[in-house]
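This report examines the interior of one protein chain. It considers how nonpolar side chains are grouped and where empty space is left.

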Amino acid sequence: MLTERQLLILNLIIDHYVEHGEPIGSNTLLEESNLPVSPATIRNEMMRIEELGFLKKMHSSSGRIPSILGYRHYVDQLMAKKRELSFEDIRKEVQASLRVPYKEAQEIVESSAELLSYMTNYTALSIGPEKTNSRLTGFRLVPVTKGQFMAILVTDKGYVESKILTIPHAISAAKIQKMVNIFNEELVGLKLMDVHNKLQVEIPRIIDKFVGNEIDLHAIFRGILSKMDSERIYVGGEMNLLNYFNFEEVNQREKIKSIYNLIHESKDLQELLVPDHNDISVRIGTEMGNDLLSNFSLITASYDSGHNGKGLIALLGPTNMPYEQTINIMRIMRDELSDSMHGFYQNE
């Protein structure tokens with residue numbers, strides 16, 4: 001457990017690293033903070049904080065920087081305070097952007113992501129309420145030409161996605177129909193997130209049991225669903241990711257490609273954007289369970305649009321982001337986006 005003084009020192013170190021992006025030693029910390037203690041006391045306290053896992057060294061002779069545990073403690077403090085800064089200028093800017101006539105709800109979703117990215121210089125993601133709550137209503141295979149079929153997925157919100165596929169002549173019409181029936185029996189009526197989950201394990205096992213593996217139809221199904229999902233999630237400011245890489249390091253280009261693929265691959269992105277029970281959630285570095293994002297943090301917030309359900313906004317940025325400011329921007333965006341969505345649906 002951190003003492004009050006240790007907590008103060010940890011917060012000062014995090015504030016320094018957020019602003020300057022560099023380690024800090026005891027002498028520099030004393031100069032910046034004017035704490036009424038000696039440099040030796042600060043050194044001892046920093047060593048103790050490091051032993052507790054809240055700080056780490058880049059190398060043996062460097063100053064300290066926050067660890068993932070240190071950031072987590074810092075963010076939990078902010079969330080526990082539940083206080084919001086005024087940020088009136090930011091609120092007015094959000095209102096000016098969102099409180100204009102929109103023809104479609106998706107336009108509001110896209111504007112929110114672009115604005116969120118612009119205000120933070122991070123990568124923003126946004127999902128509309130109708131799409132978040134969409135349920136699968138049907139799956140069909142329609143003959144197109146001999147040996148070719150069109151696979152069609154339909155949701156209760158009117159979203160339709162299709163794909164042409166070739167099925168070997170040796171597979172009977174009865175077996176094809178059996179596969180379609182299995183998909184409909186197991187998946188129709190589920191939310192798209194739940195469909196994703198069942199496709200990972202249960203559906204392949206059922207298909208193999210009753211139909212065999214002559215055609216990997218569940219893989220085709222996943223492909224169509226991923227294509228549908230790619231249109232559900234709007235990404236704003238994806239180029240901002242480039243600001244947080246050192247191009248002199250080995251394999252950075254490959255890592256960048258992999259992260260760009262991640263934010264455009266619905267299957268992996270869906271796992272990151274699962275709504276939290278809290279209205280705002282912060283996951284830092286390794287807490288996301290993806291090595292590619294070990295130096296990033298993800299802040300997500302759910303917004304409400306009344307009877308149309310909840311949507312989601314998210315920010316992906318570096319672990320040394322200014323959390324207090326960013327969380328408050330997310331709170332403002334969430335509140336104003338909820339109001340804008342309510343107004344849109346009331347005027348339909």
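The nonpolar cores are described below, followed by the cavities and the largest pocket.

**Nonpolar cores**

The model is predicted. Its largest nonpolar core comprises 54 residues, and within that set Tyr323 and Ile327 touch the most other members. Helix H14, which spans residues 323-346, makes the greatest contribution to this core, supplying 10 residues. Once neighbours within four places in sequence are set aside, the contacts of Ile327 are Val75, Leu78, Met79, Ile280, Val282 and Ile299.

Apart from this core lies another, of 22 residues, which includes Ile176, Met179, Val180 and Ile203. Ile176 is located in helix H8, formed by residues 173-187. The relative accessible area of Ile176 is 9%, so this residue counts as buried, the limit being under 20%. Leaving aside neighbours within four places in sequence, Ile176 is in contact with Leu141, Phe149, Ile167 and Ile171. For one of these partners, Leu141, the separation along the chain from Ile176 is 35 residues, while the two C-alpha atoms are 8.3 Å apart.

**Cavities and the largest pocket**

Rolling a probe the size of a water molecule over the atoms reveals where empty space remains. In this structure there are 2 cavities of 30 Å³ or more. The largest cavity holds about 50 Å³ of space. Its lining is formed by Leu125, Leu262, Ile263, Leu269, Leu272, Leu273, Leu293, Leu298 and Leu316. Two or more of the lining residues come from each of helix H12 (252-264) and helix H13 (266-272).

The largest pocket has a volume of about 630 Å³. It is lined by 25 residues, of which Tyr17, Tyr244, Asn295, Thr319 and Asn320 are the closest to its centre. Helix H1 (4-20), strand E2 (64-66), helix H4 (68-81) and H12 each give two or more residues to the pocket lining. Helix H12 is likewise named among the elements that give two or more residues to the lining of the largest cavity.

The table sets out the linings by residue class.

| Space | Volume | Nonpolar residues | Polar residues | Charged residues |
|---|---|---|---|---|
| Largest cavity | about 50 Å³ | 9 residues | no residues | no residues |
| Largest pocket | about 630 Å³ | 14 residues | 8 residues | 3 residues |

The lining of the largest cavity thus contains no polar and no charged residues, whereas that of the largest pocket includes 8 polar and 3 charged residues.

Methods:
Residues are numbered from 1 along each chain as its sequence is written. This is a predicted model: local features need pLDDT of at least 70, side-chain atom pairs count only at pLDDT 80 or more; totals for chains, interfaces and linings use all residues. Side-chain values use heavy atoms; hydrogens and water are left out. A nonpolar core is a set of buried Ala, Val, Leu, Ile, Met, Phe, Trp, Tyr and Cys residues joined through side-chain atoms within 4.5 Å. Buried means under 20% relative accessible area, exposed over 50%, partly exposed in between (1.4 Å probe, protein chains only). Helices (H or I, at least four residues) and strands (E, at least two) are DSSP runs, numbered from the N terminus. Contact means heavy atoms within 4.5 Å. On a 1 Å grid over the protein atoms alone, a cavity is a set of points where a 1.4 Å probe fits but cannot get out, and a pocket is an open set with protein on both sides within 12 Å along at least five of seven lines; lining residues have an atom within 4 Å of a point. Grid points are joined across faces, edges and corners, and a volume is the space filled by probe spheres set on the points. Ala, Val, Leu, Ile, Met, Phe, Trp, Tyr, Cys and Pro count as nonpolar, Asp, Glu, Lys and Arg as charged, and the others, Gly among them, as polar.
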